[in-house]
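Got your viewer open and your mouse ready? Take a seat, and let's go for a walk through this chain, one selection at a time.

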Amino acid sequence: MAKGWTHITTFDREYPKDVQAEGIAVQEAVVEEHCNRCVFIARCVSDDTFRPPFFAWCQARKKEILKNWEDEKWSQLVNQTIIGR
């Protein structure tokens with residue numbers, strides 16, 4: 001498990017990476033109580049069609065998770081091609 005992570009998210013089937021990242025980000029937001037301080041919480045819980053803006057904590061975290069995954073993929077590719085690992 002990645003350093004600093006304190007929970008695991010399980011999905012019921014294969015989802016695109018952006019959906020997985022959002023699920024993890026929302027779970028983190030709930031567990032770490034970011035939702036309690038979010039100005040969008042009322043709309044989030046009452047409107048199924050609401051998409052939080054990019055600057056909401058959960059969406060910023062989603063972007064960070066996707067970037068980390070991309071960086072890891074890039075790092076693995078570099079190690080495989082250049083270093084031969």
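Here is a tour of a predicted model, stop by stop.

**Stop 1: the whole chain**

Start with a cartoon view of everything. You should find three helices and zero strands, so the order from the N terminus is written α-α-α by the rule that helices and strands are numbered from that end. The chain has 85 residues, and 20% of them are buried. Now switch on the surface: about 6,800 Å² is exposed, with carbon and sulfur atoms supplying 56% of that area. One more number for the overall picture concerns contacts between residues at least 6 apart in sequence: 47% of them join residues at least 24 apart.

**Stop 2: Glu 22**

Select Glu 22, which sits in helix H1, residues 17-31. Is Glu 22 buried or exposed? Its relative accessibility is 14%, and Glu 22 counts as buried because that value is under the 20% cut-off. Next, show what it touches. Setting aside neighbours within four places in sequence, Glu 22 is in contact with Arg 51, Gln 59 and Lys 62.

**Stop 3: Gln 59**

Follow one of those contacts, and select Gln 59 in helix H3. Gln 59 counts as buried too, because its relative accessibility is 12%. Which residues does Gln 59 touch, not counting those up to four places away in sequence? They are Glu 22, Pro 52, Pro 53 and Phe 54.

**Stop 4: the largest pocket**

Turn on the pocket display, if your viewer has one. The largest pocket holds about 370 Å³ of space. It is lined by 20 residues, and the ones closest to its centre are Glu 22, Val 26, Cys 44, Pro 52 and Cys 58. So you meet Glu 22 again here, because it is one of the residues closest to the pocket centre. The elements that give two or more residues to the lining are H1, helix H2 (41-46) and helix H3 (57-83). H1 supplies the largest share, five residues. Try colouring the lining by type: you'll get 13 nonpolar, three polar and four charged residues.

**Stop 5: Val 30**

Go back to helix H1 and pick Val 30. Val 30 counts as exposed because its relative accessible area is 52%. With the distance tool, click the C-alpha atoms of Val 30 and Cys 58: they are separated by 9.1 Å, although the two residues are 28 apart along the chain.

**Stop 6: the aromatic rings**

Last stop: show the aromatic side chains. How many aromatic pairs are there? The count comes to three. Zoom in on Phe 40 and Phe 50, a tilted pair with 6.0 Å from centre to centre and 35 degrees between the planes. This pair links distant parts of the chain: Phe 40 is in the loop between H1 and H2, while Phe 50 is in the loop between H2 and H3, 10 residues apart. Phe 50 counts as buried, because its relative accessibility is 12%.

Now slide over to Phe 54 and Phe 55. Their rings make an edge-to-face pair, 5.4 Å centre to centre with 85 degrees between the planes. Both Phe 54 and Phe 55 are exposed. Finally, select Phe 40, Phe 50, Phe 54 and Phe 55 together, since this is your last view: they form one aromatic cluster.

Note on methods
Residues are numbered from 1 along each chain as its sequence is written. This is a predicted model: local features need pLDDT of at least 70, side-chain atom pairs count only at pLDDT 80 or more; totals for chains, interfaces and linings use all residues. Side-chain values use heavy atoms; hydrogens and water are left out. Helices (H or I, at least four residues) and strands (E, at least two) are DSSP runs, numbered from the N terminus. Buried means under 20% relative accessible area, exposed over 50%, partly exposed in between (1.4 Å probe, protein chains only). Contact means heavy atoms within 4.5 Å. On a 1 Å grid over the protein atoms alone, a cavity is a set of points where a 1.4 Å probe fits but cannot get out, and a pocket is an open set with protein on both sides within 12 Å along at least five of seven lines; lining residues have an atom within 4 Å of a point. Grid points are joined across faces, edges and corners, and a volume is the space filled by probe spheres set on the points. Ala, Val, Leu, Ile, Met, Phe, Trp, Tyr, Cys and Pro count as nonpolar, Asp, Glu, Lys and Arg as charged, and the others, Gly among them, as polar. Accessible areas come from the Shrake-Rupley method with a 1.4 Å probe; for residues, only the protein chains shown count as cover. Rings of Phe, Tyr and Trp (its six-membered ring) pair if their centres lie within 6.5 Å; planes under 30 degrees apart count as stacked, over 60 as edge-to-face and the rest as tilted.
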